[in-house]
Amino acid sequence: MTGVVEAKLAELGLTLPEVVPPIAAYQPAVQSGVYVYTAGQLPMVDGKLPCTGKVGAEVTPEEAKKLARTCALNALAAVKSVTGDLDRIARVVKVVGFVASASDFTGQPAVINGASELLGAVLGDKGVHARSAVGVTVLPLDAPVEIEIQVELTSA
């Protein structure tokens, strides 16, 4: 049976992807008490990055915003992998976004809005969160964007 969150994803024309396998020595998500922490999620689609490079150079801010949305979907998949049910999310507490940026690019917050807006659209008030948007020189696999989230769960 599909839960409320996954039904909302479907209503938005989205499907929850498979969990992206780790590319190093870590778990995609870990639960500690009532919190789930995801590892940084790259914008992988079917095991591949749709594009690579720096935002503001090889990748446009608009493309990067869409990639941040993909990262958020991957983060939700990671959360589900440890909770079994996205309806257990009481709220998204924190989003941290990393943007591989050209040296003169300063639009990191607008890029990470792709993830924040997706979480709000899918989870409503439960998707409202604190956030950091950080510009970096390079990300793993030359990904333009990486997102990690922390969620609080309802009791089982």
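In this predicted model, the stretch from residue 6 to residue 144 is 32% helix and 19% strand, and its end C-alpha atoms sit 27 Å apart. That stretch is what an unreviewed UniProt entry annotates as "domain: Endoribonuclease L-PSP/chorismate mutase-like".

Helix α2 is a good place to start looking around. It takes in the 23 residues 61-83, and at 1.5 Å a residue it should span 33 Å; the end C-alpha atoms are indeed 33 Å apart, so expectation and model agree. Just past α2 comes G84, with a positive phi of about 80°.

Next, the nonpolar residues. The largest nonpolar core is made up of 38 residues, and L76, V111, L119, V145, I147, I149 and V151 have the most contacts inside it. Two or more residues come from each of α1 (4-11), α2, β3 (89-100), α3 (108-123) and β5 (145-153). The top contributor to this core is α2, which supplies 11 residues. Another core, of 7 residues, lies apart from it and includes V20, L42, M44 and L49. In soluble globular proteins, nonpolar side chains tend to be buried together.

Back in the largest core, V111 touches V55, P61, A64, K65, A68, V99, F105 and V145, leaving out residues up to four places away in sequence.

T38 is worth a look too. This residue belongs to strand β2 (residues 35-38). With a relative accessible area of 8%, T38 falls under the 20% cut-off and therefore counts as buried. Its side chain reaches the backbone nitrogen of I149 at 2.9 Å. Setting aside neighbours within four places in sequence, T38 is in contact with P28, A29, A75, A78, V79, E148 and I149.

Technical notes. Residues are numbered from 1 along each chain as its sequence is written. This is a predicted model: local features need pLDDT of at least 70, side-chain atom pairs count only at pLDDT 80 or more; totals for chains, interfaces and linings use all residues. Side-chain values use heavy atoms; hydrogens and water are left out. UniProt positions are given in the numbering used here, feature names are shortened, and annotations may be inferred rather than shown by experiment. Helices (H or I, at least four residues) and strands (E, at least two) are DSSP runs, numbered from the N terminus. The expected span of a helix is 1.5 Å times one less than its number of residues. A nonpolar core is a set of buried Ala, Val, Leu, Ile, Met, Phe, Trp, Tyr and Cys residues joined through side-chain atoms within 4.5 Å. Buried means under 20% relative accessible area, exposed over 50%, partly exposed in between (1.4 Å probe, protein chains only). Contact means heavy atoms within 4.5 Å. A polar contact is a pair of N or O atoms within 3.5 Å; within protein, one must be able to donate a hydrogen and the other to accept it, and residues adjacent in sequence count only if both atoms are side-chain atoms.
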